[in-house]
Structure formats: structure tokens, C-alpha cells
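User: I'm new to this one. Could you walk me through it and explain the terms as we go?

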Amino acid sequence: MAMPAPARSDRSDLSEAVRAAQQGDEQAFRAIYRDMQPRLLRYLRSMVGDDAEDVASEAWLHITRDLPGFRGDSDGFRGWAATIARHRAMDHQRRHRRRPQSAATPIEELGELAAGDDTARSALDTVATQTAVAMIADLPPDQAEAVMLRVVMGLDAESAGRVLGKKAGAVRTAAYRGLRRLATRLEQAGPDDK
Amino acid sequence: MNTSQFRPLDRAAAEQLLDAAAGGSARPGDPLAQVLAAAAAPAHEGELAGEEQAVAAFAAAQLAPPATPRHGHRPPGHARSAASRLARHFGFRALGVAAALGGVGVALAAATGSFSSSPAHPGAAAANGHSIAASQGAPAPGHTGTSGRPTPGSSGVATPGSVRPAAPVTALSGLCTEVAGQVAKLAGDAADATGKTLSATGLTQALARPSVSGVLTSPLFASLTGAAGAATNVPDYCALVLHLPTLPQPALVSALPLSALTSLPVTLLEQLPVATLAKLPVSVLEKLPAATVAKLPSSVLATLPVATLAKLPVSALTGLPVGTLVELPTSVLATLPVSVLEKLPVAVLSTLPTSVLATLPSSVLATLPVSVLETLPPSVLGTLPSSVLAKLPPAVLGTLPS
């Protein structure tokens, strides 16, 4: 299938789909879901671990219910949906008084997966993604959220700041610190640690 | 493969990494970039599993009246007027509506086309995304098309005719399939090493082969071996994860570590042999269906919470120690056979309904307090020895026959 300029889903513009979905267009909603659900799931996994699917379902109930009232562009929509998901996650954390841990592939394996010599198979891709998300989830919460919103939700620092209730500068700092911590951890996990 | 990046990451470089990852590219050889790119990778099989449920919620929301305004998203009072304004707007411009809808349709096709070629193949998105990554200089192009790389349209969907029980796709099930695939290919049973074309029988066969241990030495499977506890546990562990109908090595199931068993879904747990189940923690056992729990030895049942026990069939309860029985609700106790009830302390018996007490032998009834005896029907009281009857008030005695 011939692709136009690298139109990766992270940069795809949801504005039209959102407007159409607000009019009741089901296909438009599906397009939104397919763009947003993987992002929401991974973002939520960094907050509530294995309960991400349940919390995401709750988030979609709110998103579909409040969709008619949303005003904004594609980035605004992503931030809006992320905020809804975040609130559901915080409700969940309050109810369960803990942050559930999900089983993460040992960090030492990630180097091998990332190197992925020949055929990158979908099972390994899934593990690579889950491992990466789990690594980010291990960061202090504010750093984890900043990194996930920037990288997975595709938000800029301003939009991420609106989701988190922080200034853009604070988001940038948190993300920066998160990356430095990740870099340190990766440097420490050499190929000999098996 | 872990190139040490001794450059201290500065803010500008960090921003570049974040932008690059969000945009879908990652410099090969940079572990941090790879981690971020993996986190931002296109949708995987299983991540879109809830689509129909979400669409149903969307459809339901269309029928419901507009939600009450929520602060931050909608100014109060605009709930209905926004929708009706839009309706009037489109209604007034009949021709404009067609044009507007046509425009939306085209934009939509572009939007959907960018990440999924057809609704039922979310895996195609992964394939498309990675062919882009390939063209951007990540691991050698030509991936799409080599054996094992899912091609659009076929990824994630069982080939027609394959007899594969529908198990949820998880990282572990993917790894299990991979192991079976490699073993099958080595044995000459399969043309490719992914395991995706193997039937349930083929998977079980492959997992039972001795060559599994050799395949498992690859670091790619380290997390699977870790989850199963040991390489020797992997065949049975994978059989459970993949919902295979038979275990490749039934004799070894009891060796599976608790940590492996407790993370399995209930549908798999209930297939385990009783001896294995008996080792599971209470928190897991109480989730099992009553029929399965009922098979556990009484010593194990005695540790389960009352709510779980109350759902068990009588046959399972009869073996419970008295100390456990007395905690069961009266409604459950009332169903127990007399032989069990006899053993219960008086305080508990006194709470049982009259109809149940009436079935107890007089030797037991004789131990009950007068306040309870008074409530028993005369026909029952009549069987009690005089020494007991003497304790009853005259008014009650007066009702007895002869």
C-alpha cells in the first residue's frame, strides 16, 4: 500500500474525525479509537499497570458521553482524552490504594530486543513496547507521566502541561529528568547482566 | 548490544529524542531512542481488542440526551443549544450538507488510511508502521516479506482452517507461539518459524519436543522462562497460556511455580489438577468457580473466606472442620446433612430455622436451650425424653399430645 509522506498515527490529524464523530459518524469514531486507544492503554499502564484495560474502558465511557461538548483541534482532543483517562486512573488508584505493578521483561533483555537483528516479529514488538512502557513506569510518577504524554500521546509540553495541571516548563524539566534516569539505567544494564 | 552513551544528555538532545520518538523515528544504536520508540510504536494486536465495546458506548451515547455540562469542557447551558445549533446550521444548507459530508468523508478516508487498511486487521497498522521504520533506515529493509513478518491483511488473523482456540494475545502467548514455531521448524513440521500456522495439536506436539530446551536458551525467551520459573516448566506453562486442550508434559505441571500459576486466568486455573490447586494462595482460590473449589481437600477449604465457602455444594462442606462451619451463614448451614449439624455447637444450632431443627435427633435437641425448644412443633417435642420436657414451661407442655 503506497503511503503518503510518513503519515504515522502520532501525527495524524484527528480534527475532522472528531467533528464527524460529534455528528454521530461511527466510522469517524472508530478512527479516533484506533488512534487513541493504544496511546491511552500505554499511558494508563504507566499509571495503573495491569488494570489499564479496565480504566481505559471507563475512560471511553466518559469520552463518548462528553464528546458532543468538546471544542478544539486534534492536539486539544488528545489532551482532553488523556485528561479524562488520567482522572479515571487517579480514581482507580484511590479506590485501590496502591499502584499495581505489571510483570516487566527484565531490562537486560530490552537491549537484545532493540537490537532485533533480522525479522522483527509482532510478538517481540509487543514485548518491546510493554517493556519500554514498564521501564518508563518505573520512573518517579511525574517524570513517567511527562515522558508518556510527550512520547506516546504525542503532546507538546504546553498540552501535556494542561493535562497535568502544570506549566510547560515544569513538564519539560520532568521529561528531561526522566530521560536522564532512563539513560543511566540503560548504561548500567550491560549485555553481561544475564 | 548496549552502546554506552557517555554523552551527558542535555535539554536540547532530550527534546530532540522526545520529538523523534513521538514522530516515529529512532536512531539505531541508541538504546534510549529505541526504548522511547518502542513505547510509541504503532498499535499492536490486542491493543484494539475493545473497539466494539467502545463503539457500542459511542452508539449508546448518541441515543442518550446530551450530558450535563462538566466544568472545563463545556460552558453551562450550552449542552443542547450547541447540538441544535449545528443541526439547524446543516439543515439550512441542504446543498452545503452534501458537500460538507463529502469533505468529511474524504478527510476520514485519509485519516483511517494512515493507520489501518481495514477494520479487522489492526495488525496491518503494525506492518505499515514498520515498513515506514524500515524505509527510515532502521534494521535492513526487506523485512516485510521475509518469513515470519506479518504482511498486511494476514497479520493477527488465524489462517482459514487452522484449529486454534481463541486465546487472548499477550506478550507471553506471543513468545510461546514463537517457541513452538521454532521447534516445529527445526523438526520439519512447519515451513516458517513463527508458530502462527500451527494448530492446537501442532503447538502441543512442538512444545513436547526435547528441542524446546535448546530453543529456550535464546535471550529472546528469557522473560518467558522467568515467568514459568524454569525452562522445564515452559511447555506446560505455554499450554496453559495458549489454552491448549492438553498438556505436553502432564507429570510436570505440579512443578510450575506459584507465581506462574497465580497470574493465569480463572479459565486456565480451573483445569489444573487438584493437588496443584491446593497449593495456590487463598486470593486465587476464591476466584475459582464453586465446582472447582469443591474438589479441594477440606484442609484447604477451611482456609477460604466464608463468602467462597457459602457457594460450595453441600458435599464439599460436609468435610469442613466445625470451626469453619460455624462461620457459614445460617442459610447455608440449613442445607447441611444432619450428620454434620449434629457436630455444631449449641449456640450455632440455636440459630437454625425450626424446620431444620426438627430433623435433628432428640439427643441433640436435648442440648438446646429452652427458648429454642419452645419453638419446636409439638410433634417433635413429643420425642424428647421427660428429663428435657420437664424444663419446658407448662404452657408449652400443655400442647403436647398425651
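User: What share of the contacts in chain A with a separation of 6 or more is between residues 24 or more positions apart?

Analyst: That share is 64%. Two residues are in contact if their C-beta atoms, placed from the backbone, lie within 7 Å. Bear in mind that this is a predicted model, where local features need pLDDT of at least 70, side-chain atom pairs need 80 or more, and totals for chains, interfaces and linings use all residues. Residues are numbered from 1 along each chain as its sequence is written, with chains lettered from A and ligands numbered from 1 in the order written.

User: What makes up the secondary structure of chain A?

Analyst: Chain A has 9 helices and 0 strands. Helices are DSSP runs of H or I with at least four residues, strands are E runs of at least two, and both are numbered from the N terminus.

User: Why is helix H8 of chain A called mostly covered?

Analyst: A residue is buried if 20 or more other C-beta atoms lie within 10 Å of its own (exposed: 12 or fewer; partly exposed: in between). In H8(A), residues 157-164, 7 of 8 residues are buried, including Arg162(A) and Val163(A). They pack against helices H4, H7 and H9 of chain A.

User: How do you know that H8(A) and H9(A) are roughly perpendicular?

Analyst: Their axes, lines fitted to C-alpha atoms over the stretch in contact, cross at roughly 100° and come within 8 Å. Angles run from 0 to 180 degrees between N-to-C directions. Under 35 degrees counts as roughly parallel, over 145 as roughly antiparallel, 65 to 115 as roughly perpendicular and the rest as oblique. The pair is therefore roughly perpendicular.
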